[in-house]
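Have the sequence and the model side by side. The walk below goes from contacts to helices, then to the core and the pockets.

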Amino acid sequence: MFGATETSGHKELDGKSDERPILLGGTSREMFELFLEHTFGRARIGPYTVDELSSFLRFCDMYQCFHTRHFVIARIQSSSRHFHPAQLINLAIKYHARALFPPAFKRLVDTPITQLTAQRRELLGNTVFTDLVYVQAAVDQHRRIVAGEEPKILMHASDCQDPLGCDEDWHAIWWNGMGRFLLDGRNPQPYGEAVKRFKDLKFGRVSRGCKELMFKIIEQETAFAHANQFIEETCNRLVEQLIFDSSPSA
């Protein structure tokens with residue numbers, strides 16, 4: 001093909017020589033070097049930066065490089081702690097990377113709304129931000145319910161000598177322990193961490209057997225099952241609404 005142009009008098013084709021490169025609009029030299037580095041198996045010294053991975057995913061989307069796209073998404077997942085969840089959600093929606101959305105959204109639920117800058121809110125978009133506000137409000141309400149309503153001791157253990165006193169102390173310790181840990185205005189604890197701290201408290205007239213029985217119940221995290229299910233359902237709905245499956249194996 002190149003030889004035919006030499007005898008036909010036509011203009012030299014792009015790509016035949018260094019003087020006539022094939023120009024890829026919108027792609028920087030550094031970005032193309034990343035593509036060559038991965039495609040031809042060149043050794044990479046050190047991790048990719050957040051900007052490199054974001055640009056790399058954009059490149060893969062632009063040129064439909066599905067195999068490389070899977071590699072980039074896997075690298076983003078393994079480096080997710082370096083990304084703000086709003087950045088991950090933005091990448092997931094913009095480049096239809098479903099795998100990035102759920103863990104980022106769940107991290108975002110634990111991020112106070114007041115800590116989201118205008119730039120972060122813009123990255124999320126109105127739909128995700130609005131649903132996030134509703135989810136956080138629902139989870140906060142559920143947290144208050146759990147903090148104020150201790151799981152009841154339905155059947156006391158054989159070593160319990162004072163069932164009435166056991167119930168009274170269990171109620172008081174739950175409110176002063178779990179209630180305080182979950183609702184602390186300055187440093188509220190997630191349920192799992194609150195349980196760990198709660199177990200270190202003094203339990204007064206609560207018998208050892210009753211305490212061990214109730215610990216088994218609260219360690220199952222049944223109390224927060226409804227909140228977790230609500231988060232999961234909201235997350236799945238947003239994925240279906242905002243992100244289409246860009247390839248059979250995406």
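Two residues are in contact when heavy atoms of theirs lie within 4.5 Å. Keep that cut-off in mind for Gln136. Leaving aside neighbours within four places in sequence, Gln136 is in contact with Leu108, Val109, Thr111 and Ile113. The model is a predicted one.

Now step back to the whole chain. The protein has 11 helices and zero strands. Read along the sequence, the pattern is α-α-α-α-α-α-α-α-α-α-α. Of its 250 residues, 35% are buried. Take the contacts with a separation of 6 or more: residues 24 or more positions apart account for 61% of them.

Return to Gln136. This residue sits in helix α7, which spans residues 118-148. Is Gln136 buried or exposed? Gln136 counts as buried because its relative accessibility is 16%, and the cut-off for buried is under 20%. What does its side chain reach? One partner is the backbone oxygen of Leu108, at 3.3 Å. Another is the backbone oxygen of Thr111, which lies 2.7 Å from a polar atom of the Gln136 side chain. Both Leu108 and Thr111 also appear in the contact list of Gln136.

A second polar residue deserves a look. Asn90 is placed in helix α5. Asn90 is buried too, with a relative accessible area of 17%. A polar atom of the Asn90 side chain lies 3.1 Å from the backbone oxygen of Leu123.

The helix around Asn90 is mostly covered. Helix α5 runs over residues 85-94, and seven of its 10 residues are buried. These are Pro85, Ala86, Leu88, Ile89, Asn90, Leu91 and Ala92. Just after α5, His96 takes a positive phi of about 55°.

Next comes the nonpolar interior. In soluble globular proteins, nonpolar side chains tend to be buried together. Here the largest nonpolar core has 59 residues. Which of them touch the most other members? They are Ile76, Phe101, Phe105 and Phe198. Follow Phe105 outwards. Not counting residues up to four places away in sequence, Phe105 touches Ile89, Val128, Val135, Ile231, Thr234, Cys235 and Leu238. Ile89 is one of the buried residues of α5.

Finally, look at the pockets. The largest pocket holds about 670 Å³ of space. It is lined by 23 residues, and the closest to its centre are Val109, Asp110, Val139, Arg143 and Pro190. Which elements give two or more residues to this lining? They are α6 (101-109), α7, α8 (163-183), α9 (191-198) and α11 (225-242). The largest share, five residues, comes from α7. By class, the lining of the largest pocket has 11 nonpolar, five polar and seven charged residues. Val109, listed among the residues closest to the centre, is also a contact of Gln136.

The second largest pocket has a volume of about 200 Å³. Its lining has 13 residues, and those closest to the centre are Val146, Glu149, Pro151, Thr222 and Ala223. Helices α7 and α10 (208-219) are the elements that give two or more residues to this lining. Of these, α7 gives the most, with three residues. The lining of the second largest pocket divides into seven nonpolar, three polar and three charged residues. Helix α7 thus links several stops of this walk: it holds Gln136, gives the largest share to the lining of the largest pocket, and gives the most to the lining of the second largest pocket.

Technical notes:
Residues are numbered from 1 along each chain as its sequence is written. This is a predicted model: local features need pLDDT of at least 70, side-chain atom pairs count only at pLDDT 80 or more; totals for chains, interfaces and linings use all residues. Side-chain values use heavy atoms; hydrogens and water are left out. Buried means under 20% relative accessible area, exposed over 50%, partly exposed in between (1.4 Å probe, protein chains only). Helices (H or I, at least four residues) and strands (E, at least two) are DSSP runs, numbered from the N terminus. A polar contact is a pair of N or O atoms within 3.5 Å; within protein, one must be able to donate a hydrogen and the other to accept it, and residues adjacent in sequence count only if both atoms are side-chain atoms. A nonpolar core is a set of buried Ala, Val, Leu, Ile, Met, Phe, Trp, Tyr and Cys residues joined through side-chain atoms within 4.5 Å. On a 1 Å grid over the protein atoms alone, a cavity is a set of points where a 1.4 Å probe fits but cannot get out, and a pocket is an open set with protein on both sides within 12 Å along at least five of seven lines; lining residues have an atom within 4 Å of a point. Grid points are joined across faces, edges and corners, and a volume is the space filled by probe spheres set on the points. Ala, Val, Leu, Ile, Met, Phe, Trp, Tyr, Cys and Pro count as nonpolar, Asp, Glu, Lys and Arg as charged, and the others, Gly among them, as polar.
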